[in-house]
Amino acid sequence: METLEIKLTRKTTGKIWLSSPHMGGKEEAFVSEAFATNWIAPLGPNVNGLEENLANYLGGGVSVAALSSGTAAIHLGLILLGIEAGDEVICQSMTFSASANPIVYMGANPVFIDSEEATWNMNPLLLEKAITEGIAAGKKPKAIIVVHLYGMPAQMEQICSIANKYGIPVLEDAAEALGSSINGQKCGTFGDIAVLSFNGNKIITTSGGGALISKNKALVEKAKFLATQARDNAPHYEHSHIGYNYRMSNICAGIGRGQMLVLEERVKQRRSVYQFYYDLFSSNPAIAFLPELTGFKSNRWLTTVIIDPAVSSNGITREELRMALERENIESRPLWKPMHLQPVFKGCKNYTNGTSEHLFDHGLCLPSGSNLTKEQLSDIRTIIEKVMS
Ligand SMILES: *Cc1c(COP(=O)(O)O)cnc(C)c1O
């Protein structure tokens, strides 16, 4: 396609991605060791090593099961919490569909909760309303799935205290929030069960993978048992539970062990990308950021902005900025479309206040990779300045 000459404003070439894998350099050594020792299996030293690295990093005495994906971790989490067909499970509406799909795998029904403005995550007032109304209707929700969107922690103190008050377990979807914390406590250690994702676009990756985390060691052991086809202790294949093939491979875990060595650096890099955009837009009243509440630390997995065309000097909309970037081969993306607006979840119960809908209408995720070069950032700046002025 070299003949197709498009005049770009950019100086750099090639696509600028929203968030792409960023290897640290030691990953291949762990993978090579797996080959050298023939541990090409969904178990092995890298899997154990990654679980140990994660448990140490997260702190708080958690145990970790490395799994094939974050979605698998949420599915197993719901199984471990005893969700049954026909149950109601509360879920943050403003999220990626993978937070909610496993509720349907269980034959249970999602009840979607809108966001609050301070964190863009689950609104504690609407949460309590959904719980009390559910109880009044004779259908007490069986679990609460709360998400730390784009790395910003949800109001875990309030949410966990409401959950405790009514005796409902919390499943913490920390897929986007490895490295985030509240008052020093890491996201992934608040819920009865938490999940992480190591998909290709997350802050660290195993190419594909996830983890289930809990302070309850027996629960994590049970997750490992269910994730390896639920084989009972017998010389033949004996099964008294339905099993799943959800374990992480020792090859993928090798990549993860290498990535754990650079996790803190990746958090710093993502946060400096956020600072870059913040400085770029700071004098523009049409652009709003999501600041951190006192004690909250976001890994800034993705930098997100809200663009208010009513305030901007030239009336530019989110879509106009997104398309201007796309013309220059730069990927950006609207914020997640809330689950209560998704065709597939039409008819599900929801408690809404318009917050997530507003975020979806005006929000944009900007290229946020930890491997963006100075030159690429400079190109992004040039284009944004051109479009916004
Ligand atoms: C990525 C993601 C998941 C799913 O993780 P996979 O590893 O891709 O299955 C779940 N929830 C949220 C919020 C995510 O961003």
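## A tour from the ligand to the cores

Start at the ligand: of the 15 residues around it (a heavy atom within 4 Å), Thr71, Asp173, Glu176, Ser197 and Lys202 come nearest. This is a predicted model, in which local features need pLDDT of at least 70 and side-chain atom pairs count only at pLDDT 80 or more, while totals for chains, interfaces and linings use all residues. Residues are numbered from 1 along each chain as its sequence is written, and side-chain values use heavy atoms, with hydrogens and water left out.

Select Thr71. A polar atom of its side chain sits 2.5 Å from a ligand oxygen. Now take Gly70, where a polar backbone atom is 2.8 Å from an oxygen atom of the ligand. Then pick Lys202: a side-chain N or O atom lies 3.3 Å from a ligand oxygen. Taken alone, the ligand exposes 380 Å² (Shrake-Rupley, 1.4 Å probe), and the protein buries 95% of that.

Next, the largest nonpolar core (buried Ala, Val, Leu, Ile, Met, Phe, Trp, Tyr and Cys joined through side-chain atoms within 4.5 Å; buried means under 20% relative accessible area, 1.4 Å probe, protein chains only). Of its 41 residues, Leu54, Tyr150, Leu178, Leu196, Phe198, Leu263 and Leu335 touch the most other members. Show helix 2 (45-58), a DSSP run of H or I with at least four residues. Helix 2 gives this core its largest share, six residues. Color by domain, using bounds from an automatic or database assignment: domain 1 (2-19 + 264-388) and domain 2 (27-262) each supply at least three residues.

Zoom in on Leu178. Beyond neighbours within four places in sequence, its contacts (heavy atoms within 4.5 Å) include Leu54, Phe198, Leu263 and Asn299. Apart from this core lies another, of 32 residues, including Ala73, Leu171, Ile193 and Ala230.

How values were computed. Buried means under 20% relative accessible area, exposed over 50%, partly exposed in between (1.4 Å probe, protein chains only). Helices (H or I, at least four residues) and strands (E, at least two) are DSSP runs, numbered from the N terminus. A polar contact is a pair of N or O atoms within 3.5 Å; within protein, one must be able to donate a hydrogen and the other to accept it, and residues adjacent in sequence count only if both atoms are side-chain atoms.
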